[in-house]
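Hi,

Here's the structure I promised to pass on. Have a look at it first, then read my notes below.

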There are 2 protein chains.
Amino acid sequence: MDNLEHELNTHCLSNWPAPPHSLIATDPLYRQFRSVQAAFRRRAQSAMTDCGCPQLLHGSANVLLQLEEQDRLTLTELARRCEIDNSSLTALVDDLQRAGLAVRERDPSDRRQVHLLLTDQGRTVAPLVRRVWQQVQQIAFQNVSIEDIEQMRLVLQSIETNLNAR
Amino acid sequence: MDNLEHELNTHCLSNWPAPPHSLIATDPLYRQFRSVQAAFRRRAQSAMTDCGCPQLLHGSANVLLQLEEQDRLTLTELARRCEIDNSSLTALVDDLQRAGLAVRERDPSDRRQVHLLLTDQGRTVAPLVRRVWQQVQQIAFQNVSIEDIEQMRLVLQSIETNLNAR
DNA sequence: TATTGTTATACTCTATAACTATA
DNA sequence: TATAGTTATAGAGTATAACAATA
């Protein structure tokens, strides 16, 4: 165990001063993120059900919104924008296709590529889903000022960059 | 589809003014949370490995830290503090016990209850794990001011409360 | 009957590796 | 050989429901 202690001090901690107590005593930040993220997904999913929007996986709804911003993307590009692996996207696209909101279309000039297209129904539903998500954000942001939210987004972006660096 | 539109307007949106464009055009907030949370877990897990800490599930490490704050909790109380279901806790406790960091002990006066106790090894390892998590937070917070972080925590707390209300 | 904890099961999100079909 | 997409598989995190033991 002494080795472990030594290892930790040598390789891990030497460059990091002790953080202020207030930041660490309670509530690891990751817990707050987990809780907020889970609550967000729960609310969005039940709001979609309440509004009669098609029952979609949370991930599929996200793909739908990406597609609404730009239609006809290839699957690889869609996966990149959703920040998930190609293989993770397949099931979500299947979900959208099953719900009749999008269709795959193979690219004739490069038959390896598949584009995803909104159907008419998809074009109708996407804005509704977007509004439901906005509504959940509205609920989340009750009694929080715009400035605080924008500031938080900036901080989140910094944290994201820091954690993904190297 | 008209029904859907009508339903949405009637039951879901009437109370919510349109949010400012900057909040919604890009990047749903949930994506940022997902990304930060995943990055946090990834970094913490690889930092634990680098430092020779026992290989624990992220969730088990969390239980360990709760237990360090108060030893000998019942499993139900631990689950409550970790904000997970009783049934979800079982595997995490198994994980800790397998690693030799904690042991279950049945309460003699109410034999339904099981308390979880840190072992000597658990008492040694817990502060190291805590420091690894702190280190990850330090990485996350590079070039972010204390004030911004504290402010973000407050906003997160409001959001959490708002989303879980009702 | 109610409570504590476990088991069985399932769902979501995600990834890696192996595969098919193109290029 | 390299790329686009799919399939098979697995692992982590979570929940619900049924259950056993105990109160």
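When I say polar contact, I mean a pair of N or O atoms within 3.5 Å; within protein, one must be able to donate a hydrogen and the other to accept it, and residues adjacent in sequence count only if both atoms are side-chain atoms. One such pair on DNA strand D joins a phosphate oxygen to a side-chain N or O atom of A:Arg34, at 3.2 Å.

Before going on: this is a predicted model, where local features need pLDDT of at least 70, side-chain atom pairs count only at pLDDT 80 or more, and totals for chains, interfaces and linings use all residues. Residues are numbered from 1 along each chain as its sequence is written, chains are lettered from A and ligands numbered from 1 in the order written, and side-chain values use heavy atoms, with hydrogens and water left out.

Back to strand D. A:Thr90 puts a polar side-chain atom 3.3 Å from a phosphate oxygen, while B:Ser87 reaches a base oxygen at 2.7 Å with its side chain. There are 23 residues around this strand (near means a heavy atom within 4 Å).

Now DNA strand C. It also has 23 residues around it, with A:Ser87, A:Arg111, B:Arg34, B:Thr76 and B:Val114 coming nearest. Sugar and phosphate make up 72% of the strand C atoms within 4 Å of the protein. Phosphate oxygens of strand C lie 2.8 Å from a backbone N or O atom of A:Asp85, 2.7 Å from one of A:Arg111, and 2.9 Å from a polar side-chain atom of B:Arg34.

Cheers
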